[in-house]
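Work through the following exercises with the sequence and the model side by side. Each one sets a task and then solves it step by step.

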Amino acid sequence: MQQLQLPAPAARVQATRTGFAPRAEIRPLGLHSRPQVLIPQFRRRSDAHVARFLPKDGDEDGAGAETKQQGKAADVPAAPQEPEAAATPYSAEFVRRRLLVFAGIVVGYTTFYLTRGSLTYSAPAMVADPSLGFNLTHIGTMTSIFPMAYGVSKFAAGVLSTGVSARLLLGLGLMATAAVNIGFGASSSMALFCALWGLNGMLQGVGAPACANILTRWFAAKERGTYWGMWNIAHNLGGFLAPVIVGGCAKAFGWRWGMFTPGLIGLAVGLLVLAAVRDKPADLGYPSVDAPAPAATAAAAKQGAAQPQQQQEEKPKASSGMME
């Protein structure tokens, strides 16, 4: 067939068949192209190819009906959800009471450091006492027992604190280690010194797990990090007070008072801890700090009850769509 050359415009448009859709090409003037009368034929043929892949009327299969039904379900507006209720602020009475608990665990654990470092700061006075006849080797033997006993105690106390009252662990543990210090100051034999100081190490491990247990129950997760950091002041405060109190008493009144003084302080503080500290807010009638607010709980329950009803309403619609 002879190619027709159309004069007039500066470019010619030719429809070429690529895939299922026609494409227009622009050729410069002077090149041969097919006549434009063939363009409708290409359009009809491409439309026929596309129509082969489209579903016919009344021929929807189960998957198509399900897809259609899902589209209808998506168009249904969801039930309005109530905004999450803000956490109920703590009452002034509760804030004061838990600050008293917090002060109790800080002061209590600070006193553990007094009874823990009493031998360290009384040792120079013990070596200087001619009635004992001690040297640095004797002091080193006694102090080396403590870390081994303390390590075992921390593991055992961590397990024990989950089933025993943390308040009793903290208060009674402090009073027990205070009594050991008093007994140490009243002793004079090397064997008894080693036994009592090993027992002191076993009792020292109950302090930290008990404080951690109490703190996590009285302070919510969002504020727990702040108060945990503040509680750690007890380490530094105890480390500061131990040489001042113990060392001062040992130098002024002898090594025995270097052990008696932290022991007496520990007994007094232990009684205060038992009086001021409680395991959890529920012991005093307060709600748990991690419990959800009543309004938020009611909204969640209402939403949970509305979902099964909405699913039951959608099932008959889906069944009718499958039958069509």
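**Exercise 1.** Find which residues of helix H8 are buried, and name helices that cover them.

*Solution.* Begin with the cut-off, since a residue counts as buried when its relative accessible area is under 20%. In this predicted model, the residues of H8 that are buried are Gly207, Pro209, Ala210, Cys211, Asn213, Ile214, Leu215 and Trp218. Next, look at what lies over these buried residues: the cover includes helix H3 (92-116), helix H5 (136-160) and helix H6 (166-185), together with helix H7 (190-204) and helix H9 (221-231).

**Exercise 2.** Check whether the span of helix H8 agrees with its number of residues.

*Solution.* Helix H8 covers residues 207-218, which makes 12 residues. The expected span is 1.5 Å times one less than the number of residues, so H8 should span 16 Å. The C-alpha atoms at its ends are 17 Å apart, and this agrees with the expectation.

**Exercise 3.** Place H8 within the whole chain, and work out where the prediction is confident.

*Solution.* Count the elements to begin with: the protein chain has 12 helices and 2 strands, and from the N terminus on the two β elements precede the α elements. Then turn to confidence, where the chain averages a pLDDT of 77 and 62% of the residues score at least 70. Confidence is lowest in strand S1 (residues 11-18), with a mean of 45, whereas it is highest in helix H11 (residues 255-276), at 96. Finally, pLDDT stays under 50 over residues 1-22, although the model has 47 contacts beyond four places in sequence for them.

Notes: Residues numbered from 1 in each chain as written. Predicted model: local features only at pLDDT ≥ 70, side-chain atom pairs only at ≥ 80, totals over all residues. Heavy atoms only, no water. pLDDT = per-residue confidence, 0-100. Helix = DSSP H or I, 4+ residues; strand = E, 2+ residues; numbered from the N terminus. Contact = heavy atoms within 4.5 Å. Buried < 20%, exposed > 50% of the residue type's maximum accessible area, 1.4 Å probe, protein only.
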